[in-house]
Amino acid sequence: MLFLASCAGGDESTMAGKVSSKGRMTIAVSFDQPGLSVRRLDGSYRGFDVDVAKFIASELGVDEKDITWREAQPGNRETLLTSGEADIVVSTYSITDKRKEIVDFVGPYFVAGQDLLVRMNETRISGPKSLNAELRLCSTAGSTSAAYVKEQFAKDVNLVEYAKFSDCVTALLANNVDAVTTDDVLLAGYAAQNPELLRVVGDPFSKEEYGVGLHRDDPTSKAKVQAALQKMIDTGAWRKSLETNIGSSGYKIPDPPKLAP
């Protein structure tokens, strides 16, 4: 069952394995992914992933004010779960067999495709196969994106890694790297922030299925999260959130995926 954020002490309502009317949740999200999950200057959180997290919490009986937010980065998502620092992770978290050896997933709640972000005047890069030893490709430590490009398309490309995708975007704007790779929906958000300077190549070359990460061997909580996601899709809240958070970037809103049993 989901661990509660305040599990110190012996109060039965805060012991592991119980979600009471006074329940709390600790949810890990990204802080710097425009359209998906951003921590704003006023301390609030906005984006599609944030809406997914809030919907799940609400369906589990946890008010938004009782959510403790943690920052998820590509390199620490499994650790947040295995250490108990987070109850769930909702952070463009691609479901992979390797990750499923460590954590469990519910989803996919969104399917994206990997792409490339480049400067507006870039003429050398038309897709992953055009990357070569003279070009610098940026992604984040712990992400599968850069490794996939190097293994499948451009073994000689120079990889540059930062802790956050926003650092990669800053490096791209400063001409310190030549391209950034991650999922197309995330890149669309960054391009929308810098429409005169950056563009998405627009040639997706993978299938990224986002899942809600949670502790392994917890079928009861998994079933509850599954039911919450299905309700978000069925009620139209899923599409409404995407239109609100992603629509202005020009990204085509897809049909909702079918959740795996």
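The legends below describe close-up views of a predicted model.

**View 1. The buried side of helix H4.**
Helix H4 spans residues 145–152. Its residues Ser145, Ala146 and Val149 are buried. These residues lie on the same side of H4, because they cover an arc of only 100 degrees around the axis. Four strands are included in what covers them. These are E8 (114–119), E9 (136–140), E10 (158–162) and E11 (179–183).

**View 2. Thr182 in strand E11.**
Thr182 lies in strand E11. With a relative accessible area of 4%, Thr182 is buried. Leaving out residues up to four places away in sequence, Thr182 touches Gly113, Gln114 and Asp115, among others. The other residues it touches include Ser145, Phe165 and Leu187. Ser145 is also one of the buried residues of helix H4, and Leu187 is one of the buried residues of helix H6.

**View 3. Helix H6, largely enclosed.**
Helix H6 covers residues 184–193. Of its 10 residues, 8 are buried, so the rest of the structure largely encloses this helix. The buried run begins with Asp184, Val185, Leu186 and Leu187. Ala188, Gly189, Tyr190 and Ala191 are buried too.

**View 4. The largest pocket.**
The volume of the largest pocket is about 190 Å³. Its lining includes Pro74, Gly75 and Glu78. Thr96, Lys98, Arg99 and Ile102 also line the pocket. So do Gly142, Ser143 and Thr144. By class, this lining has 2 nonpolar, 5 polar and 3 charged residues.

**View 5. The largest cavity.**
The whole structure holds 2 cavities of 30 Å³ or more. The largest has a volume of about 100 Å³. It is lined by 13 residues, and the closest to its centre are Arg77, Thr92, Ser143, Thr182 and Asp183. The lining divides into 3 nonpolar, 6 polar and 4 charged residues. Ser143 also lines the largest pocket.

**View 6. The second largest cavity.**
This cavity has a volume of about 40 Å³. Ser30, Asp32 and Gln33 are among the residues that line it. Glu71, Ala72, Gln73 and Pro74 also contribute to the lining. Ala163, Lys164 and Phe165 line it as well. The classes are 4 nonpolar, 3 polar and 3 charged. Pro74 lines the largest pocket too, and Phe165 is one of the residues that Thr182 touches.

**View 7. The aromatic pair of Tyr93 and Phe105.**
The whole structure contains 13 aromatic pairs. In one of them, Tyr93 and Phe105 meet edge-to-face. Their centres are 4.8 Å apart, with 65 degrees between the planes. Tyr93 lies in the loop between strand E6 (88–89) and helix H3 (97–100), and Phe105 in strand E7 (residues 104–112), so the pair ties together parts that are 12 residues apart in sequence. Tyr93 counts as buried, at 0% relative accessibility. Phe105 counts as buried at 6%.

**View 8. Phe110, Tyr251 and their aromatic cluster.**
Phe110 and Tyr251 form a tilted aromatic pair. The distance is 6.5 Å centre to centre, and the planes are 35 degrees apart. Phe110 is in strand E7, and Tyr251 is in the segment after helix H8 (237–245). The pair links distant parts of the chain, 141 residues apart. Both Phe110 and Tyr251 are buried. They belong to one aromatic cluster with Phe48, Tyr109, Tyr210 and Trp238.

**View 9. Tyr45 in strand E4.**
Strand E4 (residues 45–46) contains Tyr45. Tyr45 counts as buried, at 11% relative accessibility. Neighbours within four places in sequence aside, Tyr45 is in contact with Val29, Phe31, Val38, Arg39, Val50, Lys54 and Trp69. Ser241 is 196 residues from Tyr45 along the chain, and 13 Å separates their C-alpha atoms.

**View 10. Backbone exceptions.**
Most residues other than glycine have a negative phi, and most peptide bonds are trans. The peptide bond from Gly107 to Pro108 is cis, with omega near 5 degrees. Pro108 is in strand E7. Asn175 has a positive phi, near 65 degrees. It sits in the loop between helix H5 (165–173) and E11, and it is partly exposed at 44% relative accessibility. Asp217 also has a positive phi, of about 55 degrees. Its loop runs between strand E13 (208–214) and helix H7 (219–234). Asp217 is exposed, with a relative accessible area of 71%.

Key:
Residues are numbered from 1 along each chain as its sequence is written. This is a predicted model: local features need pLDDT of at least 70, side-chain atom pairs count only at pLDDT 80 or more; totals for chains, interfaces and linings use all residues. Side-chain values use heavy atoms; hydrogens and water are left out. Buried means under 20% relative accessible area, exposed over 50%, partly exposed in between (1.4 Å probe, protein chains only). Helices (H or I, at least four residues) and strands (E, at least two) are DSSP runs, numbered from the N terminus. The arc is that of the directions from the helix axis to the C-beta atoms. Contact means heavy atoms within 4.5 Å. On a 1 Å grid over the protein atoms alone, a cavity is a set of points where a 1.4 Å probe fits but cannot get out, and a pocket is an open set with protein on both sides within 12 Å along at least five of seven lines; lining residues have an atom within 4 Å of a point. Grid points are joined across faces, edges and corners, and a volume is the space filled by probe spheres set on the points. Ala, Val, Leu, Ile, Met, Phe, Trp, Tyr, Cys and Pro count as nonpolar, Asp, Glu, Lys and Arg as charged, and the others, Gly among them, as polar. Rings of Phe, Tyr and Trp (its six-membered ring) pair if their centres lie within 6.5 Å; planes under 30 degrees apart count as stacked, over 60 as edge-to-face and the rest as tilted.
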